[in-house]
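Biologist: I should like to learn how to read a model of this kind, feature by feature. Could we begin with helices and then turn to burial, pockets and rings?

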Amino acid sequence: MPVNVAFEGRSYPPSGPYAVSAAQIGAFADAVGSDDPVHHDAEVAQGAGYADVIAPPTFAVSITQQCDRAYILDPEAGIDYSRVVHGEQRFVHHRPITAGDEILGELTVDSVRMAGGHAMITTRTELTAGGEPVCTSTSTIVVRGVE
């Protein structure tokens, strides 16, 4: 089944909540090589004006990819995940993701464009905590066409 271009403009119900812990933030910071103490030490983060440790900016991808699952696994979407290549990821942070946040994510399929037999899909995920915007994540994937 080819990628369903009719999914352009479709939004999925919010998913989550995704609980964010200091341990998750610390492990992610270690994985990306960030030794900034605001990612590891609550006292340092609080001294900088935050409620607790804050996540590195790219931490948002660990939540947005969970939100993407609703679309990727939708059988009517026609996405063969074995043929997916990640093309691009952008973030607009409205405030840092902080330990203790309960994040909700709402996914919208912004565009589905066919090019050279491949599908170029751009999704946008709005992350919120307590009803307030946290991050807007935009992702582009390529679903390679059949050889």
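Modeller: The expected span of a helix is 1.5 Å times one less than its number of residues. The model before us is predicted, and helix α3 serves as the example, covering residues 60-72.

Biologist: How many residues does α3 have, and what span should they give?

Modeller: α3 has 13 residues, so at 1.5 Å a residue the helix should span 18 Å; the C-alpha atoms at its ends lie 18 Å apart, in agreement with that value.

Biologist: Which residues of α3 are buried?

Modeller: A residue is called buried when its relative accessible area is under 20%. In α3 the buried residues are A60, V61, I63, T64, C67, D68, Y71 and I72. They pack against the strands β1 (15-19), β2, β3 (102-115), β4 and β5.

Biologist: Is T64 buried or exposed?

Modeller: T64 has a relative accessible area of 2%, which is under 20%, and therefore it counts as buried. Apart from neighbours within four places in sequence, T64 is in contact with Q89, T125, L127 and S137.

Biologist: How should one look for a pocket, and what volume does the largest pocket have?

Modeller: Rolling a probe the size of a water molecule over the atoms shows where empty space is left. Here the largest pocket has a volume of about 290 Å³. Its lining comprises 16 residues, and those closest to the centre of the pocket are Q65, D68, I72, Y81 and I141.

Biologist: Which element supplies the largest share of that lining?

Modeller: Helix α3 does, with five residues. At least two lining residues come from each of α3, β2 (84-93), β4 (118-129) and β5 (132-143). By class, the lining has eight nonpolar, six polar and two charged residues.

Biologist: How many aromatic pairs are there, then?

Modeller: Rings pair if their centres lie within 6.5 Å, and planes between 30 and 60 degrees apart make a tilted pair. The count comes to three aromatic pairs. In one of them, the ring centres of Y12 and Y71 are 6.2 Å apart and the planes meet at 55°, so this pair is tilted. It links distant parts of the chain, with Y12 in the segment before β1 and Y71 in α3, 59 residues apart. Both Y12 and Y71 are buried.

Biologist: What is the geometry of the pair formed by F28 and F59?

Modeller: F28 and F59 are edge-to-face, at 5.4 Å centre to centre and 85° between the planes. F28 lies in helix α1 (residues 22-31), whereas F59 lies in the loop between α2 (42-47) and α3.

Key. Residues numbered from 1 in each chain as written. Predicted model: local features only at pLDDT ≥ 70, side-chain atom pairs only at ≥ 80, totals over all residues. Heavy atoms only, no water. Helix = DSSP H or I, 4+ residues; strand = E, 2+ residues; numbered from the N terminus. Buried < 20%, exposed > 50% of the residue type's maximum accessible area, 1.4 Å probe, protein only. Contact = heavy atoms within 4.5 Å. 1 Å grid on protein atoms, 1.4 Å probe; cavity = no way out; pocket = protein on both sides within 12 Å on 5 of 7 lines; lining within 4 Å. Points joined across faces, edges and corners; volume = space filled by probe spheres on them. Nonpolar A, V, L, I, M, F, W, Y, C, P; charged D, E, K, R; others polar. Phe/Tyr/Trp six-rings, centres within 6.5 Å; stacked < 30°, edge-to-face > 60°.
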